[in-house]
Amino acid sequence: MNLTLKIWRQPDATTDGAMHTYQVSDISDDMSFLEMLDVLNEQLNEKGEEPIAFDSDCREGICGMCGLMINGQAHGPEVTTTCQLHMRSFSDGDVITIEPWRAESFPVIKDLVVDRGAFDRIIQSGGYISANTGSAPEANSVPVPRDKAMRSFNMATCISCGACVAACPNGSASLFLGAKITHLGELPQGQPERDARVVEMVGQHDHEGFGGCTNIGECTAACPKEIPLDVISQLNKDLRTAMKHGH
Amino acid sequence: MALLDGTTQLNKPPVQVSDDARGYYTLGEPLVDPVTPTGPIKDRWTTRKFDNRLVNPANRRKMSVIIVGTGLAGGAAAATLGEAGYLVKSFCFQDSPRRAHSIAAQGGINAAKNYKEDGDSTHRLFYDTVKGGDYRSRESNVYRLAEVSANIIDQCVAQGVPFAREYGGLLDNRSFGGVQVSRTFYARGQTGQQLLIGAYQAMERQVAAGTVQQFTRHEMLEIILIDGKARGIIARDLVTGEIQTHLADAVVLASGGYGNVFYLSTNAMGSNVTAGWRAHRKGAYMANPCYTQIHPTCIPVSGEHQSKLTLMSESLRNDGRIWVPKKAEDCEKDPRDIPEGDRDYYLERIYPAFGNLVPRDIASRQAKNMCDEGRGVGPKVGDFRRGVYLDFADAIARLGEDGIREKYDNLFDMYARITGENPYETPMRIYPAVHYVMGGLWVDYHLQSNIPGLFVAGEANFSDHGANRLGASALMQGLADGYFVLPNTIRDYLADAPFERIDESHPDVVAARTDVESRISTFLSINGTRSADSFHKELGTIMWEYCGMERSEEGLRKAIDLIRELKASFWTDLKVLGTADTLNQSLEKAGRVADFIELGELMCIDALNRRESCGGHFRAESQTEDGEALRHDEEFAYVAAWEWGGDNGQPVLHKEDLIYTAIEMKQRSYK
């Protein structure tokens, strides 16, 4: 198929960007969206024009590195990562708009690449269970009910891609936050730091400039791992409980 | 192979008869692990931990360690050394340590917990791993791996890794990769992700505590050696292009594997060999570089545009039946229209005892044989169809579609998404792909390379998997090295501190930095016609064709010639646009491809030298009468550790004999 691509190009964080239009031809259904961009980049290189910078690494939907706004949607028209979106989701002659994640807390580094360092800093603020190496008790000494373990696992599947933030009109990272709070909060190991964790993480979230949640639900609709909206209720509940406990 | 000598079992020192690689290398001095432990195998690690010197907590604050890579090995090491109080600098090329490629591992992690009371033990895990590696790993290292495996599970559970559980709340296990005990712990098909997040969170906790300094979007481009010791790295900030000098008392490379030398592999796009290769060029030995694991169940290549391959969990072979049409003319037909009598269930035919569950190397090689015979299925890429059917029709008839959905749903979805075909209706297509490398930088029992102060952990080193890696053992090794081995061995090295203070103006530091800068400006100034990617693809084709699943003397010699031509062309015809002072992904690729080309040549020389079939490495000249792999223990029971011979010289081969005292070497047979 032949496509018209409108792509955001921005040389660096401090220079203004603009949309540029490119044509690509001979795109097959079997290509992933990123392979289609590889084809474009190879063409640009041949023409002496600098290739378009975009992030990707595992290209199998798990590392969370890729992320583009495609026709205004985070990761594009399907509920998946950009690397697992295939060109069979598009038709010959389509015009496709490609932009970087849109959120103030994810500043553009170059073209389609943004800085998601804020997510690491949120984890640093308390998104862990303190367990020094070598001091762990025998694993089966703390049983975890199967349903709790399953729920914990489901929330732990968050890949930190940032689609939730990019999709949210408020640029909130509440889904990301809620997933981590629930992952660790469902486990007995996560209880001792539960109050402190939510207070610190929410504090860092706000400090990074992410917006508040107004229950619009775009985050969960865009989440490639289908993290449900109720983790945000859990987040709020944990926060209230922590405040009641005097945090 | 009977090598028993009363109570002590020793293999004879290797006697090399064949020398296919004559003219391509120089023979160096034999290599001996200077810290190899002795005594009863079960006491070796305990004794060593005690014997290794201690560093008092107040002194640790003055000692610094650089760790390159943040996967299971690097992330775990950074977390643990940070907790211990050392000053750690951690580097990764991704935008977050949590994206290291360990995250993509699907299946599980082994541990000798014997929760199922099915006869598992440290010794049995050790035995299975050495045997599975075709007796080309070090027994002391593997025993230690088995020994610490149980602690790994404890550690991860304490961190909140949500492993699968039984209804009573205890941990569940499954059997994996053809072993007869259930020792594999798993978190659905995303075990690697969950383990990595555990290590990442432990590391971020140390970042907050100030013991670990994190450098994301940074790439190590050179190692700094002072008086023969590793004392730092030159790194490039990939966002600003700034070339930085980082000095430390010791350096750990935990930079993963180099399977991307084949261009198409299951590795992440960014996985590369640069950290290891830059160290190799400065004197670190590269051991068994030709040992590549080929995984049998990947989604086949669909066209020339393909950028990477996706693995499908091997568990699919438990229920899927593998076949190709008996007649080449049926290959284009809809598989559902090919009657039972015209199908060749070749694994069930050739290996009736194991059938579709033969080990990875055998399943892979036979798939290749079928396609080479012209009976492959799926789209033609070039002149060949490279795919075989993995058919669930019988299993669906037996268990119902719902039964299959419950077991493999996410894999079937993934397949459907990538191929656009519905695997519940038509058989899946699979083909082998490069997955993991068992070769890597040579290390001693302390995980120290032959360069003092340079330690290597996880997939980046060579020591534990031999010629073939068993399922669910890679995650175990990464975490064992990072959490339990390195912290105990590096302290013995650091106990020599204080080390001489080094200044950034030291001539060796300046020289390393200048080398990096001039290399980068060379890439940008060649101004040829071809992208780094195009060279990478061409290298990959050569490697897969001649140094892949089946190798021959003739093919390997041809490959070496082709790679040398490619290298010459790379340095004259490369085109890298943009500048060095911004994010420039083409420039990053150029450096990595340059290193892959040199590594590719060494891999071919190593493969040429090893005239035996072992692990996944089938040498056409070394097979039994029925075409099965034939090992030659008398000649090749050694580690091939290669020393860089200079830009215009030949690599130097150092052989380290593999001595087995706790295990008897046997030929494998699956018939």
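Trainee: How many bridges pair β25(B) with strand β26 (residues 652-657) of chain B?
Mentor: Strands (E, at least two residues) and helices (H or I, at least four) are DSSP runs, numbered from the N terminus, and two strands pair if DSSP finds at least two bridges between them. Here the sense is antiparallel, with Y638(B) standing opposite D657(B) in β26(B). The number of bridges joining β25(B) and β26(B) is six.

Trainee: Before we go on, what kind of model is this, and how are its residues and values treated?
Mentor: Residues are numbered from 1 along each chain as its sequence is written, chains are lettered from A and ligands numbered from 1 in the order in which they are written, and side-chain values use heavy atoms, leaving out hydrogens and water. Local features need pLDDT of at least 70, side-chain atom pairs count only at pLDDT 80 or more, and totals for chains, interfaces and linings use all residues, since this is a predicted model.

Trainee: Which residue of β25(B) is the bridge partner of M286(B)?
Mentor: Strand β13 (residues 286-287) of chain B is joined to β25(B) by two bridges, and the two run antiparallel. The partner of M286(B) in β25(B) is W642(B).

Trainee: How many residues of strand β25 (residues 638-643) of chain B are buried?
Mentor: Buried means under 20% relative accessible area, exposed over 50%, and partly exposed in between, with a 1.4 Å probe and protein chains only. Strand β25(B) has six residues and is mostly covered. The buried count is five.

Trainee: Which strands are at the edges of the five-strand open sheet in chain B?
Mentor: The order is β14-β20-β19-β15-β16, with antiparallel pairing. An edge strand in this sheet pairs on one side only, and that describes β14 (292-298) and β16 (343-344) of chain B.

Trainee: In β20(B), which residue is the bridge partner of Y389(B)?
Mentor: Three bridges pair β19 (residues 388-391) with β20 (residues 428-437) in chain B, again antiparallel. As a general reminder, strands of a sheet pair through backbone hydrogen bonds. Opposite Y389(B), the partner in β20(B) is R429(B).

Trainee: How far apart in sequence are the parts that D492(B) and R53(B) tie together?
Mentor: A salt bridge is a side-chain nitrogen of Lys or Arg within 4 Å of a carboxyl oxygen of Asp or Glu, and D492(B) and R53(B) form one at 3.1 Å, N to O. D492(B) lies in helix α11 (residues 474-494) of chain B and R53(B) in the loop between α1 (44-51) and α2 (57-60) of chain B, so the bridge links parts whose separation in sequence is 439 residues.

Trainee: Is D492(B) buried or exposed?
Mentor: Its partner R53(B) has 36% relative accessibility and counts as partly exposed. D492(B) has a relative accessible area of 17%, which makes it buried.

Trainee: Which residues belong to the salt-bridge network that includes R619(B)?
Mentor: R619(B) meets E621(B) in a salt bridge of 2.8 Å, N to O. R619(B) is buried at 1% relative accessibility, whereas E621(B) is partly exposed at 31%. Salt bridges with shared partners make one network of D20(B), E553(B), R557(B), R611(B), R619(B) and E621(B).

Trainee: How many salt bridges are there between chain A and chain B?
Mentor: With contact meaning heavy atoms within 4.5 Å, the two chains meet through 76 residues from chain A and 77 residues from chain B. One salt bridge joins D55(A) and R217(B) at 2.7 Å, N to O. Between chain A and chain B, the count is five.

Trainee: About how much area do chain A and chain B bury between them?
Mentor: Buried area is the accessible area (1.4 Å probe) that two parts lose on being put together, summed over both. Carbon and sulfur atoms hold 49% of it here. The total buried between chain A and chain B is about 6100 Å².

Trainee: How many disulfides does a search of the whole structure find?
Mentor: A disulfide is a pair of cysteine sulfur atoms within 2.5 Å. Over all chains, the search gives zero.

Trainee: How far from C63(A) is the nearest cysteine sulfur?
Mentor: C63(A) is in no disulfide, and the nearest cysteine sulfur belongs to C58(A). C63(A) is buried, with a relative accessible area of 3%. The distance from C63(A) to that sulfur is 3.8 Å.
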